[in-house]
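Got a protein in front of you and not sure where to start? Let's go through it with a few questions and answers.

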Amino acid sequence: MRKPGFFNYLGWGSGDLVGAGITAVTSGWLIYFYTTFCGLSAASAGSLFAISRFFDAFTCPLIGYISDNLRHTWVGRKIGRRKIFLLIAIPLLPSFALMWVSGQTFLYYLCTYLFFELTYNFVLIPWETFPAEMTKDYKEKAKFAGARMLCAQASAILASGLPAVIINTFGGKNSPNTFLINGAIFGALASLVIIISVICTWERPYSDEEKLIKPEPLNLGRALLIPIKIFGDLFSTLRIRAFRQHLCIYLGGYISQDIFNGAFALFVATVMLGSPLIIAQTMTTMYGFQLLSVAIAILVILRAGPVRAYSIAITAFITGCLLLYGFYIVRPAGYGDAIAGIEHNIFTGALGGTVPPALLFWLFVPVMLAGLGRGTLNLVPWSVYNYLPDVDEAVTGQRREGIFAGVMTLVRKLSQAVAIAGTTWVISAGGFVSGAKTQSPQALQTLALILVIGPIVVMLLGFLVALSFKLNGKTHAVLMNEIDRLRGGATEPATPESGAIVENLTGWKYSQLWGRGR
């Protein structure tokens with residue numbers, strides 16, 4: 001196999017502008033945009049996420065299944081079973097801007113959101129398979145994961161900070177055009193980075209046996225059976241013990257952030273009395289510390305393991321959440337006037353004057369701590385994800401990177417929909433009124449509680465599962481050795497210890513591996 005280099009890691013990783021960057025834009029700003037400039041209630045805005053995820057429940061596994069099964073077709077051999085999807089999506093990604101047109105109907109926002117989600121799936125599911133396609137080496141896969149997370153956090157900083165730059169450049173700190181321009185820029189950048197990813201990646205080369213297989217045309221008759229096959233493959237991934245554990249860790253880190261993101265912008269706008277400019281400043285600070293956290297977490301994971309990194313991360317994130325709730329309780333006198341003064345200085349460029357220390361503390365220390373935790377929570381599951389198809393291969397004797405990518409994307413989107421829809425429905429039930437300049441005490445209390453309690457509970461549940469997760473560099477090396485032996489016809493492990501490791505990772509008896517337990 002070809003050996004990946006620096007530009008391959010960075011070129012592939014830059015594609016997460018579509019994944020992490022655009023997700024940061026939508027999760028951080030879309031609820032605020034819908035409720036402030038589009039006349040939608042918080043519950044209606046959350047419903048858009050929920051509806052789109054039911055749509056994803058079919059499209060994500062379908063794309064993963066087709067991607068895996070294009071390998072022995074003419075299209076797969078000539079263009080690439082993964083790259084064909086990316087090439088289709090490149091001219092469609094600028095449609096992201098259509099979601100950010102103010103004053104439209106609920107149906108308009110639903111249609112534009114669904115269309116972009118389909119385009120997004122065309123990119124993300126095949127794109128996630130490339131590290132497993134390009135290398136079998138544990139360290140090289142770890143480098144791909146690190147490059148991805150560094151690019152992801154950098155794109156998240158751009159997602160939070162670009163609106164502030166647009167406001168300062170074009171004026172109108174309360175104008176919906178800020179978000180339209182932001183969406184257009186991100187849509188164009190997304191097309192650019194996917195072009196780079198296509199250039200910098202390759203798919204797994206054909207073995208001598210595979211080269212003898214005659215390419216098959218796409219068969220419409222067999223296509224009718226695809227839905228049955230898709231959902232069979234979908235649930236078969238959950239038979240892998242390490243994958244079930246991984247999903248719990250993944251969801252613990254990401255759902256906690258979804259809940260936080262769904263409430264944070266509204267919290268800053270109503271409890272902290274900040275405009276979009278202040279929201280952008282605090283979000284940029286948080287994502288900046290997420291980037292720093294990823295760089296540190298890479299070393300922590302290599303030296304102490306993912307469980308230790310996860311525990312440090314949730315400690316920092318929980319502390320940040322509790323400090324935000326502390327602000328809700330304290331709310332220092334004169335805070336609103338101080339915020340207004342800071343906004344005026346930033347907007348006009350008049351940065352003179354003294355900023356009250358209490359203001360700096362409440363504005364930035366909680367989000368700094370939250371950012372340190374969130375960055376590591378993002379990295380931990382992806383630091384091991386690229387090895388999960390290897391665990392699956394030991395059980396099935398097949399390479400199913402596309403199916404796993406489809407399941408990951410589906411689970412991520414469904415969980416995000418439940419988290420955001422649930423968060424917005426609770427906020428709406430608490431008395432939040434879209435577009436109102438002031439909110440009732442009950443609405444403010446609901447915002448503060450959902451911002452703090454939701455993330456903490458979900459993170460702690462993920463941590464409980466992380467304590468029993470055993471996939472790491474040492475166990476992966478044992479797994480790969482046993483896969484080579486299984487491929488050669490072995491029916492017994494090399495040693496009792498290696499057999500125990502493989503059985504722990506797969507959740508299957510050794511005698512049932514390599515497709516023998518079907």
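**Charge pairs and the overall fold**

In this predicted model, K3 and E140 join their side chains in a salt bridge, with 2.6 Å from N to O.

Q: How many residues apart in sequence are the parts that K3 and E140 tie together?
A: K3 sits in the segment before helix 1 (6–13), while E140 belongs to helix 8 (residues 138–170). So the pair ties together parts whose separation in sequence is 137 residues.

Q: Is E140 buried or exposed?
A: Start with its partner: K3 has 67% relative accessibility, so K3 counts as exposed. To count as buried, a residue needs to be under 20% relative accessible area. E140 has just 8%, so the verdict for E140 is buried.

Q: Which residue forms a salt bridge with D258?
A: Side chains of opposite charge can pair when their charged atoms come close. Here the closest N and O atoms of the pair are 2.7 Å apart, and the partner of D258 is R412.

Q: Which helices does the pair of D258 and R412 link?
A: Both D258 and R412 are buried. They are 154 residues apart, so to speak in distant parts of the chain: D258 is in helix 13 (residues 241–270), and R412 is in helix 19 (residues 401–429).

Q: What is the relative accessible area of D390, which meets R399 in a salt bridge?
A: The side chains of R399 and D390 are 2.8 Å apart, N to O. R399 is partly exposed, with a relative accessible area of 22%. D390 is buried, and its relative accessible area is 2%.

Q: Which residues are joined into one network with R399 and D390?
A: The structure holds 15 salt bridges. Some salt bridges share partners, and that joins R399 and D390 into one network with R81, R82, E133, K141, E393, E401, D484 and R487.

Q: How many helices does the protein chain have?
A: Look for strands and you'll find zero in the protein chain. Its count of helices is 22.

Q: What radius of gyration does the protein chain have?
A: The C-alpha atoms fill a box of roughly 75 × 45 × 40 Å along the principal axes. With 518 residues, a compact globule would come out near 24 Å. The protein chain agrees with that, because its radius of gyration is 24 Å.

Q: What share of the contacts between residues at least 6 apart in sequence join residues at least 24 apart?
A: Buried residues make up 56% of the 518 residues in the protein chain. As for those contacts, the share joining residues at least 24 apart is 83%.

How values were computed
Residues numbered from 1 in each chain as written. Predicted model: local features only at pLDDT ≥ 70, side-chain atom pairs only at ≥ 80, totals over all residues. Heavy atoms only, no water. Helix = DSSP H or I, 4+ residues; strand = E, 2+ residues; numbered from the N terminus. Rg over C-alpha atoms; globule rule 2.2 N^0.38 Å. Buried < 20%, exposed > 50% of the residue type's maximum accessible area, 1.4 Å probe, protein only. Contact = heavy atoms within 4.5 Å. Salt bridge = Lys/Arg side-chain N within 4 Å of Asp/Glu carboxyl O.
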